[in-house]
Amino acid sequence: MDFALSAEQEELAASERAWLAKHDPLAARRPTIDTAPARVPDTAVKHAVESGLIGLLTSEMGGTHVDLAVLVEEHGRAGSAVPLAELALATAALDRLDHPLSSLAEANASGAESTPLVLASTEGAQPTVEISGDELRLGGATAPATALLDATGFLLAATTSDGTEILAHIPSGGAALRTLETLDLTRSWSVLEPAVTVPAHRWVSVPSGTVSYLADALAFYRKMDALGAAARLVDLTVEYAGQRTQFGQPIGSFQAVKHHCADMALRTEAARASLWAAAVALDGTDAARRGTAVSAAAAYAGEATSTVASIALQVHGGIGFTWEHDLHLLTRRIKVDELLNGTVSWHRRRLIDA
């Protein structure tokens, strides 16, 4: 497959990287890192709204998954707490509805609401979803999702016991929210426990395949986030290897360290190639090809980015273990990305079964 980012997409990524560098998410996080879960800064929300990022995939904006992917990679690189993919996917799904819920798309895009996408777990217990007349009865728990503490509501995509696929809007406070303690100190992670009955105006059935499409998309963006963090670790490691001296010369001059840096770069670029292929498949209409491309990319990128983080830690030595170094926080973020929305082993099993 021949693929290259357009000049506009490269400019989009550069612009977002510049904004994130100016409003460093990791620097903003450090004052509360020991005392409270990560929150999404108001300045970041305002920027996402004013830049049109949340509504990027809507019909009005006409953006693609490749467009959104370059932004998610930059947010992963910076260690941002903004749930950009979750908000953009929810907004696009709402925008396509012929239902009163479609008004939430504009509310999300304008910043009046913050309603991210929430899904069932790929491997754990599934939430219970039952249709009773014109109401929807929910129970159980969802998969872990990020930044739910800052949401005004949640868009649950799930499948009922009889196979009907639904989207349901649950207002903040309308269901229990259990915040988790995870390795990731750059984002908050929570599980929604919706033991509620949803009235007719807040849920809608959707075409078959919608839930699997959203699950594929979120799995893709989870690993795209990890790619951004891994790419930054490559840069940090190469820079450190050129500055740290041993035996009177930079450690980057030693063959073993050169090989480590080359291995990191190779794994990162190979992961990027596989993820771009998945992004193109997400923009297509072939569901089988999409699922295969996403799982192939998620399996490879999940393992590759985790390995890159481990090598970066080895090259940095003791300084990499300190919380004061960005490497420590980005490594934790990558490890959580590796596990959520389908582990490496889950995606490999899916490929075997395809």
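The following paragraphs describe the sheets, helices and selected residues of a predicted model.

In this model, four strands form an open sheet in the order β1-β5-β6-β10, and the pairing within the sheet is mixed. Its edges are formed by β1 (residues 117-119) and β10 (residues 203-206), each of which pairs on one side only. On average, and with direction ignored, neighbouring strands of this sheet are turned by 25° against each other. The pairing of β1 with strand β5 (residues 153-159) is parallel and extends over three bridges, and within this pair Leu119 has Ala157 of β5 as its bridge partner. Helix α7 (residues 210-243) packs on the sheet, where the helix touches β1, β5, β6 (residues 165-171) and β10, and the direction of α7 makes about 105° with that of β1.

A further open sheet consists of three strands in the order β4-β8-β7, with antiparallel pairing. Here the edge strands are β4 and β7 (residues 176-180), each pairing on one side only. Strand β4 is joined to strand β8 (residues 189-193) by two bridges, the two strands running antiparallel, and Ala145 stands opposite Ser190 in β8. The loop that leads from β4 (residues 145-146) to β5 contains Ala147, a residue that has a positive phi of about 65° although it is not a glycine. Ala147 counts as buried because its relative accessibility is 4%, below the 20% limit for that class.

Positive phi is also found in Phe247, another residue other than glycine, for which the angle is near 55°. Most residues other than glycine have a negative phi. Phe247 is placed in the loop between β11 (residues 245-246) and β12 (residues 249-250). With a relative accessible area of 71%, Phe247 is exposed, whereas Ala147 is buried.

Among the helices, α3 (residues 42-50) has Ala44, His47, Ala48 and Val49 as its buried residues. An α-helix has 3.6 residues a turn, so residues three or four places apart point the same way. The cover over the buried residues of α3 includes α1 (residues 7-22) and α6 (residues 103-110). Just after α3, Gly52 adopts a positive phi of about 75°.

Helix α9 (residues 287-316) comprises 30 residues and reaches 42 Å from its first C-alpha to its last, which is close to the 44 Å expected at 1.5 Å a residue. At the start of this helix, a side-chain oxygen of Asp286 comes to within 3.1 Å of the backbone nitrogen of Ala288. At the other end, α9 is followed by Gly317, whose phi is positive and near 70°.

According to UniProt, in an unreviewed entry, the feature "domain: Acyl-CoA dehydrogenase/oxidase C-terminal" is placed at residues 224-351. In the model, this span is 78% helix and 3% strand, and its end C-alpha atoms lie 19 Å apart.

Two arginines were examined in more detail. Arg272 is found in helix α8 (residues 255-282), and at 16% relative accessibility this residue counts as buried, since the class takes in values under 20%. The side chain of Arg272 is joined to that of Glu73 by a polar contact of 2.4 Å, and a polar contact of 2.5 Å is made with the side chain of Glu269. When residues up to four places away in sequence are not counted, Arg272 touches Glu73, Leu227 and Ala231; Glu73 is thus both a contact of Arg272 and its partner in a polar contact between side chains.

Arg350, by contrast, lies in helix α11 (residues 344-353) and counts as partly exposed because its relative accessibility is 25%, a value between the 20% limit for buried residues and the 50% limit for exposed ones. Not counting residues up to four places away in sequence, Arg350 touches Asp216, Gly291 and Ser295. Arg350 and Ala296 are separated by 54 residues in sequence, and their C-alpha atoms are 9.1 Å apart in space.

Technical notes:
Residues are numbered from 1 along each chain as its sequence is written. This is a predicted model: local features need pLDDT of at least 70, side-chain atom pairs count only at pLDDT 80 or more; totals for chains, interfaces and linings use all residues. Side-chain values use heavy atoms; hydrogens and water are left out. Buried means under 20% relative accessible area, exposed over 50%, partly exposed in between (1.4 Å probe, protein chains only). A polar contact is a pair of N or O atoms within 3.5 Å; within protein, one must be able to donate a hydrogen and the other to accept it, and residues adjacent in sequence count only if both atoms are side-chain atoms. Contact means heavy atoms within 4.5 Å. Two strands pair if DSSP finds at least two bridges between them. Axes are lines fitted to C-alpha atoms, for helices over the stretch in contact, and angles run from 0 to 180 degrees between N-to-C directions. UniProt positions are given in the numbering used here, feature names are shortened, and annotations may be inferred rather than shown by experiment. The expected span of a helix is 1.5 Å times one less than its number of residues.
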